[in-house]
Amino acid sequence: MSKSKMSNWSLGLAAAAVALSLSANAFAFDNAALKSAPKVLGVGMNITDAAIKPWDISYFYDGTNLPEGKGTVSAGEKIYNEQCAMCHGDFGEGAHGYPKMVGDPVDEFEASAKAGVDAVSNRGLNNNWGNAPTLMDMIHRHMPFYAPGTLTTDESYSVTCYVMNLASIPGVGSDFVCDKTSLPKIKMPGEPLYVTNSGPDTANQRCMKDCYKGAPFVVEKAASIGDVSVGKVK
Amino acid sequence: MSENMINTVPEGTKKAGEASSDRRKFLRKSVALAAGGAAIAATSAAYAGDGLKTWTTPLQNEPTRHMLGRGVVSVPYGLPSKYESGVVRRNVGWLTADTIASISFTPWQDLHGIITPNGLHFERYHAGAVDVDPSKHHLVVHGMVKQPMIFTVDDLKRLPSHTAIHFLECPANGAMEWRGVQMDSLQFTHGMMSCSEWTGVKLTTLMEMVGVDPKATWFYGEGTDGSALQRSVPMEGAVDQHGRPIPAEYTSHYRDAMVCYAQNGEPLRPENGYPIRLFIPGFEANISTKYLRRLMFVDKPLVTYQETKHYIEVLPNGMIRQFDLVNEANSVINYPCPDFKMNGKGTYEIRGIAWSGYGKIAHVDVSVDGGKNWKQANLVEPVLNKCLTKFTLPFEWDGEEALIMSRATDESGYVQPTLKQLREVRGFNSIYHKNSIQVWKIEKTGEVKNVQIENV
């Protein structure tokens, strides 16, 4: 978000924006939503962007707000082996129920989904991840799982680099350097698969009488699943 | 048979009143007379006591009759009866790698209303529950705003408050049932959902205070736990990362959003985001960030790992669907359910809960014959926006097999789908938003089983 977008903003402009939005649909939230909001005085404090900066740690899908610094595949390999491999596998194959880094190649992933074969266990960075900057965001924010947020920026860039290399992301060779310029240029293989939900996708009808012919085909739990009841505790 | 009762006994096959005695006849006449000759007795020939065994042992006093009980504040924060020790949250060990990034389930089989007691609210953590010191905690609101601001928890409590009862549901509720029947308990089929009275500051109050730029189309919240969880929330005009519009069904939910500090009247529990959390009624629970420390107004989504890796649906056409945000109309019968056994034939009351992320529940229909015929259930007040609604319907069980199920319709006209309808569009590999009609099978033995009907 550029600063210029908000620099000249005022309540007067907001009123104009509401009027314009009726025809242009170029505007965001309906200011009518704020009409009923109470006017408040004397509560809270103003804060500077500089004071917020240590918390302003969100890196957008397109690389917006990515930090300074850089990382390499080789540096990432060392950190990964020490801090990540015990959960995500030596080769990114996952371990102890934690996510794998390397899933099926994207064409196989697509084919599995179309064939109705379980796709959850096939998922990895190479099929089920849209954008490289988001990977950096996740690692720097949330990893390692047992000590979240403890990697330096360079370490996080390096681990990002290494796991993309493990997952054979095109363009991420062993000499690739990850930084705020290079990450947004990476084309993640699964990116073209993403679609945005378009609203309700079923259309059941409220039938009340004789809603279908024939008998219901009733399926019970397969015996092989075993007992997963909570126990009759009463 | 009264008009609003649902039964498994064909009309006209009853032998009601056959065993009536002279005394009963007399009483019946008295009732009819007392009601001014109205037709009360005419339709109910049987009495409650007909055919029942008789208790003959003289009644004994219980031990509690001859002792003193506990004094006040012997339990400073009250606890349930020791005889209800089974009414607890439970988890499913094999579902997650550990209990830190995991989920627990509300025991709906043991609850009777629409409010979830705070100690039974389902838990979902991405990095465990933390104890945040409210005296040191702050909320920052910034981004596309006229004036970034910071608030203490006390500041937020000073602001105009908003209170509403809403459900909160993890979109993975029912996830284990996509490919087939798997769980033997209502707790595990529908327990990733709870309903509470939430109190806090409306998001729009904070938006007005900081002066949000009208060009902002999204905002996101961020927590102060180890996951620092963040999710993008669309507002009017929002488009995704490819410039495709977010459906209008999802761009006004933020208006009901609040920053909560209380749940059922008391401070939030640590499990639910103490001291403050974001709450967006009707949306999948993951978006209601716990331990909230930051709100940022922006003009595009983050597409966080929650939005690209986790809370997506791999569709049967191979595409990956993102931003499926609303928990659509859903319902389930919580009495009877697999956690109980029927105790002989005769009268029961079918009871259940229904909810929708699009608004109020309009109708709930109940079937006891596998969905061939339905009757409209009674909705128990209050019927509120994006809130659990209790429904009831008298049920006379004839001791034969029955397939009981409920179907909710919300005020938008959306009708809860069958599992077959859901699988037709989502396939069998989905995880999230399984809101299909739940079928319980009552066996002749009285056992109640979780089943699926595959062909309808």
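1. Where in chain A does A:Asn65 lie? In this model, which is predicted, A:Asn65 is found in the loop that runs between helix H4 (49-52) and strand E2 (70-72) of chain A. Although A:Asn65 is not a glycine, its phi is positive, at about 80 degrees. A:Asn65 counts as partly exposed because 17 other C-beta atoms lie within 10 Å, a number that falls between the limit of 12 or fewer for exposed residues and that of 20 or more for buried ones.

2. A comparable backbone feature is found in chain B, where B:His433, also not a glycine, has a positive phi of about 55 degrees. The residue belongs to the loop between helix H6 (419-426) and strand E21 (439-442) of chain B. B:His433 is buried, since 27 other C-beta atoms lie within 10 Å and 20 or more are enough for that label.

3. Turning to the contact between the chains, 81 residues of chain A and 109 residues of chain B take part in it. On the side of chain A that touches chain B, helix H8 (residues 132-142) of chain A supplies the largest share, namely five residues. By character, the residues on that side of chain A comprise 43 nonpolar, 23 polar and 15 charged ones.

4. Helix H8 of chain A deserves a closer look. Because 11 of the 11 residues of H8(A) are buried, the helix is largely enclosed by the rest of the structure. Among these buried residues are A:Asp137, A:His140, A:Arg141 and A:His142, as well as A:Leu135, A:Met136, A:Met138 and A:Ile139. The buried residues of H8(A) pack against H9 of chain A and also against helix H5 (305-310) of chain B.

5. Two cis peptide bonds should be checked by anyone reading the backbone. In chain A, the bond from A:Met143 to A:Pro144 is cis, with omega near -10 degrees, and A:Pro144 is placed in the loop between H8 and helix H9 (153-166) of that chain. In chain B, the bond from B:Glu381 to B:Pro382 is cis with omega near 0 degrees, and B:Pro382 sits in the loop between strand E18 (378-380) and E19 of chain B.

6. The two chains are also joined through a sheet. Strands of a sheet pair through backbone hydrogen bonds, in either a parallel or an antiparallel manner. Here strand E1 (residues 45-46) of chain A pairs with strand E3 (residues 149-152) of chain B in the antiparallel sense, over two bridges, and A:Asn46 stands opposite B:Met149 of E3(B). The open sheet has six strands with mixed pairing, in the order E1(A)-E3(B)-E2(B)-E11(B)-E6(B)-E7(B). Its edge strands, each of which pairs on one side only, are E1 of chain A and strand E7 (230-234) of chain B.

7. At the E7 edge, strand E6 (residues 218-223) of chain B pairs with E7(B) in the antiparallel sense over five bridges, and B:Glu222 stands opposite B:Gln230 in E7(B).

8. A last point concerns B:Glu400, which lies in the loop between strand E19 (389-397) and strand E20 (402-410) of chain B. B:Glu400 is exposed because it has 11 other C-beta atoms within 10 Å, where 12 or fewer is the limit. Apart from its neighbours within four places in sequence, B:Glu400 is in contact with B:Thr8 and B:Lys444. Its C-alpha atom is separated by 18 Å from that of B:Val366, a residue 34 residues apart along the chain.

Key:
Residues are numbered from 1 along each chain as its sequence is written. Chains are lettered from A and ligands numbered from 1 in the order in which they are written. This is a predicted model: local features need pLDDT of at least 70, side-chain atom pairs count only at pLDDT 80 or more; totals for chains, interfaces and linings use all residues. Two residues are in contact if their C-beta atoms, placed from the backbone, lie within 7 Å. Helices (H or I, at least four residues) and strands (E, at least two) are DSSP runs, numbered from the N terminus. Ala, Val, Leu, Ile, Met, Phe, Trp, Tyr, Cys and Pro count as nonpolar, Asp, Glu, Lys and Arg as charged, and the others, Gly among them, as polar. Two strands pair if DSSP finds at least two bridges between them.
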